[in-house]
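Please keep the sequence and the three-dimensional model side by side while reading, and locate each residue as the text comes to it.

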Amino acid sequence: MSIISGYMVPHPPIAVHEIGRGEEKKIQDTLDAYDAVAKDIARLRPETIIISSPHSIMYSDYFHISPGKHVSGDFGQFGAPQVSFDADYDDELVEEICHLCDERNISAGTEGERNPSLDHGTMVPLYFITKRYTDFKLVRLGLSGLPLEEHWRLGKAIDDAVANTDRRVVYVASGDLSHCQKEDGPYGYKPVGPEYDNRLIDAMSRGSFSELKEFDEKFLSDAEECGHRSFTIMGGALDGQQITLQVLSHEATFGVGYGVGIFHTALTEEPVHDPYVQLARDTVNTYISRHEVIEIPGGLPQEMLVRRAGTFVSIHEKGQLRGCIGTIGPTCRNVAEEIIQNAISASTRDPRFYPIEKDDLPDLEISVDVLSEPEKSDSLAMLDVHRYGVIVSCGGRRGLLLPDLDGVDSVEQQISIAAQKGGISLDEPYQLERFEVIRHEDM
């Protein structure tokens, strides 16, 4: 199988809420586009995500591919060490990429690792992707000072390695555009800055990846870009495939160009069902039709069987909420059992609605939220209605509201609704906790 989809994304640390602290809202188009990328990747459920980053280890005459089994990193250098990441490398795919590069005289491999930690060019994409999807392995590539044609050839080798290992893989090309688009930007203003951005976005909007190899090196240097070689590797990896594409956003609010695009191949549209949602749906269908509780099926992702976490199952019928029940923390042996129990409760025990009946089943839309462990929040500044859910507690009473809900647009509104659900008056001395979710939904 070839690479099923590619993504062009930027990597500004300011886009991370814990770093931007509100400034990120000035690039809301980029944030919205990034979330669309994350949702798309979650829909496709790749086994492996390949990320090429200008801030990974870089040599003038060699492409460094990160070695090992496991990697971690955090945003400590940007004042947010609490935002951290852990991932497993796809060492089998890395080995095959290195093998093909050796056969084809492409100067690439796993030697010369100076710093094993994740770089911000990799972590910014992961920050958005892991909000929606976590069940993947990682391959991390550095760029090089070699000609653009060599970056293209590396992309071709990567796609062949994916085919040889029969992986379901997406490619994320991390890179900012020109850094010299405003006087108050990091490199001031040069006319070549907007010129580069316009030319790059035009080529990507047409899916003309081969044009990326034709950019003059001096032109690229004058434009102070950092992502062109990353995009060129992706272009080589997608070359020869039928592409359906969409450039979602392009802006230079801070004097640096940020472009976001999605590039689907013909393989993208193969149907993929989210196993979390499918388990909830099978549970509801079986319980409503036969009044039986299903057994945990085979073939589920390992994390559903070994992880313990609170989950919420939400059911809509023709766009209207029909039931939503969940657990703040784990009550069962694993996430799979948690989903089964909450799916039954959401379909039959939500006091706001009549129990779901057999005739309702064809029209149901189901989503599953898997909750992180709640953490104390000392101020409203630590909350974000789009990223964090909130728990309001007073004595033995607790009210919870999930994040990113339609019609909930402010932290104050989120707290008010959660407090009301817990029977708590905002005049009482209440405590706040926040949590993140991974939301699973069929798209």
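The paragraphs below go through two helices, a few loop positions, the salt bridges and a pocket.

The structure is a predicted model, and every value given here was computed from it. A convenient place to begin is helix α11, which runs over residues 335–348 and has 14 residues. From its first C-alpha to its last, α11 reaches 20 Å, close to the 20 Å expected at 1.5 Å a residue. The helix is mostly covered, with 12 of its 14 residues buried. Among the buried residues are nonpolar ones such as V335, I339, I340 and I344, but E337, E338 and N342 are also on the list of buried positions. What do these buried residues pack against? Their partners are the helices α9 (275–290) and α10 (302–306) together with the strands β11, β12 and β13.

Helix α5, residues 148–165, can be read in a similar way: it has 18 residues and reaches 26 Å from its first C-alpha to its last, close to the 26 Å expected at 1.5 Å a residue. Its buried residues include L148, W152, L154, I158 and V162, and the charged residues E150 and D159 are buried as well.

Just after α5 comes D166, whose phi is positive, near 55°, although D166 is not a glycine. D166 has its place in the loop between α5 and β8 (169–174), and it counts as exposed because its relative accessibility is 56%, over the 50% cut-off. A second residue other than glycine with a positive phi, again near 55°, is H291, which lies in the loop between α9 and α10. H291 has a relative accessibility of 65% and therefore counts as exposed.

The loop that holds D166 is touched from another part of the chain by E47, which lies in the loop between α2 and β2 (48–53). Leaving aside residues up to four places away in sequence, E47 touches F136, K137, D166, R167 and R168. E47 is partly exposed, with a relative accessible area of 42%. The C-alpha atoms of E47 and T244, which are 197 residues apart along the chain, are separated by 21 Å.

The next topic is charge pairing. Side chains of opposite charge can pair when their charged atoms come close. A search of the whole structure finds 32 salt bridges, and a few of them can be followed in detail. E23 and K26 meet through their side chains at 2.8 Å, N to O; E23 is partly exposed at 33% relative accessible area, and K26 is likewise partly exposed, at 48%.

D35 and K39 form another salt bridge, with an N to O distance of 3.8 Å. Why are these two side chains placed to meet? D35 and K39 are 4 residues apart in helix α2 (residues 28–44), so they are separated by about one helical turn. An α-helix has 3.6 residues a turn, so residues three or four places apart point the same way. D35 counts as partly exposed at 21% relative accessibility, and K39 counts as partly exposed at 30%.

The salt bridge between R229 and E217, at 2.5 Å from N to O, links two helices. R229 lies in helix α8 (residues 228–238) and E217 in helix α7 (residues 217–223), so the pair ties together parts that are 12 residues apart in sequence. R229 counts as buried, at 15% relative accessibility, whereas E217 is partly exposed, with a relative accessible area of 35%. Elsewhere, salt bridges that share partners join D35, K39, R132 and D404 into one network.

The last feature is the second largest pocket, which has a volume of about 900 Å³. Of the 31 residues that line this pocket, S314, H316, C324, L402 and L405 are the closest to its centre. Which elements each supply at least two residues of the lining? They are the strands β11 (311–317), β12 (320–326), β13 (364–371), β16 (397–401) and β18 (437–441), along with helix α12 (411–421). By class, the lining has 12 nonpolar, 6 polar and 13 charged residues. The strands β11, β12 and β13 thus appear in two places in this account, since they supply residues to the pocket lining and also pack against the buried residues of α11.

Terms used. Residues numbered from 1 in each chain as written. Predicted model: local features only at pLDDT ≥ 70, side-chain atom pairs only at ≥ 80, totals over all residues. Heavy atoms only, no water. 1 Å grid on protein atoms, 1.4 Å probe; cavity = no way out; pocket = protein on both sides within 12 Å on 5 of 7 lines; lining within 4 Å. Points joined across faces, edges and corners; volume = space filled by probe spheres on them. Salt bridge = Lys/Arg side-chain N within 4 Å of Asp/Glu carboxyl O. Buried < 20%, exposed > 50% of the residue type's maximum accessible area, 1.4 Å probe, protein only. Expected span 1.5 Å × (residues − 1). Contact = heavy atoms within 4.5 Å.
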